[in-house]
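Work through the exercises below with the sequence and the 3D view side by side. Try each task before reading its solution.

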Amino acid sequence: MERAYETQPIILVAEPQALLGMWLEDVLIDAGCTVSGPFGTCEEAAGSLDRTRPDFAIVSIDLNRGLSFPLACALRRKGIPFALITGNARVPRAFSDMPLFDRLFDARAMVSAVTAGCRAPHRLQACPMGPCLTAGIPFALDQCPTGCRG
């Protein structure tokens, strides 16, 4: 993996299926990355962000104990690029600009997405729905404005 890193990029993997998570870990390590995870739940993966800031994240939409959209929102607010493994799940408009992968994907395509994401400038993005999140007011992710999208 070509990169302008002095150290290996850190890639967060949030994937509930153990076999796929281990396979992704092997693919990423072979590509010269360090892996944070794999995490099976949104809570575990989001909690890891305070311990280790990844350069990129690979996130399955369907995680154990729920969907991964709160994690995707946290990644976006922190300026961490990510790709979504969609399976059969519907992707809200708020995340339609992210690289999307079906359950059956080529390892080279994922490594290419990781490489491109690690090269992209990372920038923090204020979440316009932040007050709703803080206050615990429910909202649909389709309400997320385009300002969240990069």
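**Exercise 1.** In this predicted model, find which residue of β7 stands opposite I85.

Solution. Start at I85. Its opposite number in β7 is F101. Now go to L84. Its bridge partner in β7 is L100. Strand β7 covers residues 100–101, and 2 bridges join β7 to β6. The two strands run parallel.

**Exercise 2.** Find the strand that pairs with β6 over 4 bridges.

Solution. The strand is β3, residues 56–60. The pairing is in the parallel sense. For one pair of residues, look at F82 in β6: A57 stands opposite.

**Exercise 3.** State the order of the strands in the open sheet, and name the strands at its edges.

Solution. The sheet has 5 strands, in the order β2-β1-β3-β6-β7. Their pairing is parallel. The edges are β2 (34–39) and β7. Each has a single partner strand, so one side of each lacks a neighbour in the sheet.

**Exercise 4.** Name the strands that helix α4 touches, then those that helix α1 lies across.

Solution. Take α4, residues 107–119, which packs on the sheet. This helix touches β1, β3, β6 and β7. Its direction makes about 135 degrees with that of β3. Next take α1, residues 18–30. Helix α1 lies across β1 (10–14), β2, β3 and β6. It runs at about 175 degrees to β2.

**Exercise 5.** Decide whether the two faces of β6 are covered or open.

Solution. First recall the rule: in a regular strand, side chains alternate between the two faces of the sheet. Now sort residues 82–85 of β6. F82 and L84 are on one side. A83 and I85 are on the other. All four are buried, and both faces are covered.

**Exercise 6.** Decide whether L63 is buried or exposed, and list what it touches beyond its neighbours in sequence.

Solution. Locate L63 in strand β4, residues 62–63. The relative accessible area of L63 is 8%. Buried means under 20%, so L63 is buried. Leave out residues up to four places away in sequence. L63 then touches A14, E15, P16, F39, G40, T41, C42 and S68. Check G40: it lies 23 residues from L63 along the chain, and their C-alpha atoms are separated by 5.9 Å.

**Exercise 7.** Count the helices and strands, and give the share of buried residues.

Solution. The chain has 5 helices and 7 strands. Their order from the N terminus is β-α-β-α-β-β-β-α-β-β-α-α. Of the 150 residues, 46% count as buried.

Terms used. Residues numbered from 1 in each chain as written. Predicted model: local features only at pLDDT ≥ 70, side-chain atom pairs only at ≥ 80, totals over all residues. Heavy atoms only, no water. Buried < 20%, exposed > 50% of the residue type's maximum accessible area, 1.4 Å probe, protein only. Pairing = 2+ DSSP bridges. Contact = heavy atoms within 4.5 Å. Axes fitted to C-alpha atoms, helices over the stretch in contact; angles between N-to-C directions.
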